[in-house]
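Thanks, everyone, for making the time this morning. I would like to walk through one structure with you, beginning with its sheet and then turning to the ligand.

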Amino acid sequence: MTLETAEAVEDLTMSTDGTAYIVTTIALLGGVLAFYYFYIYNNPDESEEEEQEPEEEKYTPMEPRDFTLDELRPYDGTEGKPLCIAVNHIVYDVTKGRNFYGPGGPYAMLAGRDGSRALAKMSLDKSDVRDEWDDLNDLTPFQRDSLSEWEMKFQTRYAELGKLLKTREKEE
Ligand code: HEM
């Protein structure tokens with residue numbers, strides 16, 4: 001259709017020499033663009049979609065379970081491993097936030113750790129990511145509110161896996 005239109009336009013404008021060439025070129029360009037547009041929309045299998053899906057397919061959600069701090073440590077996203085973070089004594093699978101928490105990411109220091117104190121204080125200071133159990137009792141009301149907001153954010157964005165345990169001694 002578009003190519004025929006281009007020819008028709010060419011016939012009509014032949015008499016006006018210089019402009020005939022320009023009009024024909026524009027009409028032909030339009031035809032090529034229209035063809036490309038229909039080709040892409042009718043054959044989506046070869047375009048962008050293929051690149052987007054494999055990322056989602058590769059991701060296998062983690063099984064829900066509780067973690068001690070030590071058990072949480074390996075889930076730091078290194079070597080393609082899943083990523084977990086504890087917020088307010090709840091552990092989340094944050095693997096889909098790899099850009100934030102994965103190796104080299106801006107918040108990698110929170111990966112496999114209890115991120116509560118750092119998030120509550122909006123701090124990336126190492127001393128706010130502790131190796132020992134943190135009861136968080138000394139947080140100010142402001143920091144508690146901030147932590148609650150982070151908790152809500154994690155609840156909506158990531159899968160909850162279980163509790164952060166102080167120790168496993170009682171269970172075993
Ligand atoms: C100059 C300072 C900072 C800037 C400009 C900044 C900026 C940002 C931006 C633009 C995002 C993406 C937000 C979104 O996708 O909804 C983000 C995410 C985040 N920020 Fe910051 N940030 C800063 C400091 C901090 C600090 C000090 C912390 C403390 C822990 C922090 C923790 C986070 C976390 C945990 C996320 C990821 C949330 C998620 O998993 O979706 N940020 N930040």
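How many bridges join S1 to S5, and do these strands run parallel or antiparallel? Keeping in mind that what we have here is a predicted model, the answer is that S1 and S5 run parallel and are joined by two bridges. Within that pairing, Thr-68 stands opposite Leu-165, which belongs to S5.

Stepping back to the whole sheet, we have five strands in an open arrangement, ordered S1-S5-S3-S2-S4, and the pairing is mixed. Its edges are strand S1, residues 67–68, and strand S4, residues 113–114, each of which pairs on one side only. Strand S5, residues 159–165, also pairs with strand S3, residues 90–93, this time in the antiparallel sense and over four bridges; there, Asp-93 has Ala-159 of S5 as its bridge partner.

Now to the ligand, where the surrounding residues are Gly-97, Phe-100, Tyr-107, Ala-118, Leu-119, Met-122, Ser-123, Leu-124 and Arg-157. If we sort this shell by character, six of its residues are nonpolar, two are polar and one is charged.

Key:
Residues are numbered from 1 along each chain as its sequence is written. This is a predicted model: local features need pLDDT of at least 70, side-chain atom pairs count only at pLDDT 80 or more; totals for chains, interfaces and linings use all residues. Two strands pair if DSSP finds at least two bridges between them. A residue is near a molecule or strand if its C-beta atom, placed from the backbone, lies within 6 Å of it. Ala, Val, Leu, Ile, Met, Phe, Trp, Tyr, Cys and Pro count as nonpolar, Asp, Glu, Lys and Arg as charged, and the others, Gly among them, as polar.
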